[in-house]
Amino acid sequence: MLHRQTHNSNVSIDTTKTVQTLNQPSNSGVWFSLFKLLTISTVLIMSLTINSVLAYPAYSHSKPLPHRSVIYFAPKEDSVVKEFLNEVLINNCQLDERDVVIMVIAESGYTVPTWLEEEFNLEAVTSVYEIPKGSHTAVLIGKDGKEKHRWNGKTDWQKITNIIDEMPMRQQEMQRQSSRCSI
């Protein structure tokens with residue numbers, strides 16, 4: 001399920017007085033420079049807003065998110081990424097039960113799922129989570145949209161599920177429904 005946040009900006013400029021003032025020979029250069037500065041500033045602010053809107057998670061945190069996320073950052077699709085994805089398959093029942101969505105973002109452009117690059121500004125996502133270039137870093141994001149845990153190297157899935165199980169929303173979920181993954 002993909003949720004998007006829309007952001008509306010309303011900027012109004014009364015150009016009537018500006019145009020009248022521009023016609024005056026003594027102040028025209030000053031007013032033109034001011035108008036130009038205002039236009040450039042508005043464009044820059046709007047472009048910064050657009051980048052953050054397209055970063056993940058790209059929806060409002062006023063309500064709980066429908067899932068938790070693990071975003072795995074890597075330099076490229078390598079053996080470490082393949083091992084991570086194999087472990088995701090092995091732990092699929094536990095992750096599914098905890099409403100965890102797995103995403104992989106590689107600097108090379110490789111993503112899981114493949115549509116991530118079409119929906120999100122991956123550079124903004126990497127920047128928001130301050131991921132160093134060339135690193136294998138994973139970030140656990142709770143249903144409240146906040147970072148809960150970060151790790152490098154091999155994933156300790158037991159530790160991750162324990163961290164999730166200690167979260168207040170997960171505690172409520174466990175009270176409502178028993179585990180379907182127990183053997």
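Buried, in these legends, means under 20% relative accessible area, exposed means over 50%, and partly exposed lies in between (1.4 Å probe, protein chains only). This is a predicted model, where local features need pLDDT of at least 70 and side-chain atom pairs count only at pLDDT 80 or more, while totals for chains, interfaces and linings use all residues. Residues are numbered from 1 along each chain as its sequence is written, and side-chain values use heavy atoms, with hydrogens and water left out.

**View 1. The whole chain has eight helices and five strands.** Helices (H or I, at least four residues) and strands (E, at least two) are DSSP runs, numbered from the N terminus. Follow the protein chain from that end and you meet its elements as α-α-β-α-α-β-β-α-α-β-β-α-α. Of the 183 residues in the chain, 34% are buried. Now take contacts (heavy atoms within 4.5 Å): among those between residues at least 6 apart in sequence, 66% join residues at least 24 apart.

**View 2. Five strands line up in an open sheet.** Their order is β3-β2-β1-β4-β5, and the pairing is mixed. The edges belong to β3 (111-112) and β5 (147-152); each has a single partner strand, so one side of each is left without a neighbour in the sheet. Helix α7 (residues 157-165) packs on the sheet and touches β1, β2, β4 (137-141) and β5. The direction of α7 makes about 170° with that of β5; axes here are lines fitted to C-alpha atoms, for helices over the stretch in contact, and angles run from 0 to 180 degrees between N-to-C directions.

**View 3. S69 has a partner in β2 and another in β4.** Two strands pair if DSSP finds at least two bridges between them. Strands of a sheet pair through backbone hydrogen bonds, either parallel or antiparallel. Strand β1 (residues 68-74) runs parallel to strand β2 (residues 100-106), with seven bridges, and S69 stands opposite V101 there. β1 and β4, on the other hand, are antiparallel and joined by five bridges; in β4, the bridge partner of S69 is I141.

**View 4. β4 is covered on both faces.** How many of the five residues of β4 are buried? Five of the five are. T137, V139 and I141 sit on one side, with A138 and L140 on the other. In a regular strand the side chains alternate between the two faces of the sheet. β4 also runs antiparallel to β5, through five bridges, and L140 stands opposite H149 in β5. The β4 and β5 hairpin has five residues between the strands, and G145 takes a positive phi near 85° in it.

**View 5. F73 and Y129 make one of three aromatic pairs in the structure.** Rings of Phe, Tyr and Trp (its six-membered ring) pair if their centres lie within 6.5 Å; planes under 30 degrees apart count as stacked, over 60 as edge-to-face and the rest as tilted. Here the centres are 6.5 Å apart and the planes are at 45°, so the pair is tilted. F73 belongs to strand β1 and Y129 to the loop between α6 (122-128) and β4, 56 residues apart. Both are buried: the relative accessible area is 2% for F73 and 7% for Y129.

**View 6. Y72, F84 and W157 form one aromatic cluster.** Within the cluster, F84 and W157 make a tilted pair, 5.6 Å centre to centre with 35° between the planes. F84 lies in helix α3 (residues 79-90) and W157 in helix α7, so the pair ties together parts that are 73 residues apart in sequence. F84 is buried at 2% relative accessibility, and W157 is buried with a relative accessible area of 7%.

**View 7. Helix α3 has a buried side.** Which residues of α3 are buried? They are V81, F84, L85, E87 and V88. These cover an arc of only 155° around the axis, which puts them on the same side of α3; the arc is that of the directions from the helix axis to the C-beta atoms. On the other side, S79, L89 and I90 are exposed. The buried residues of α3 pack against β1, α4 (92-97), β2, β3 and α7.

**View 8. R170 is a buried residue in helix α8 (residues 168-176).** Its relative accessibility is 5%. Leaving aside neighbours within four places in sequence, R170 is in contact with R68, E97, R98, I164 and D165.
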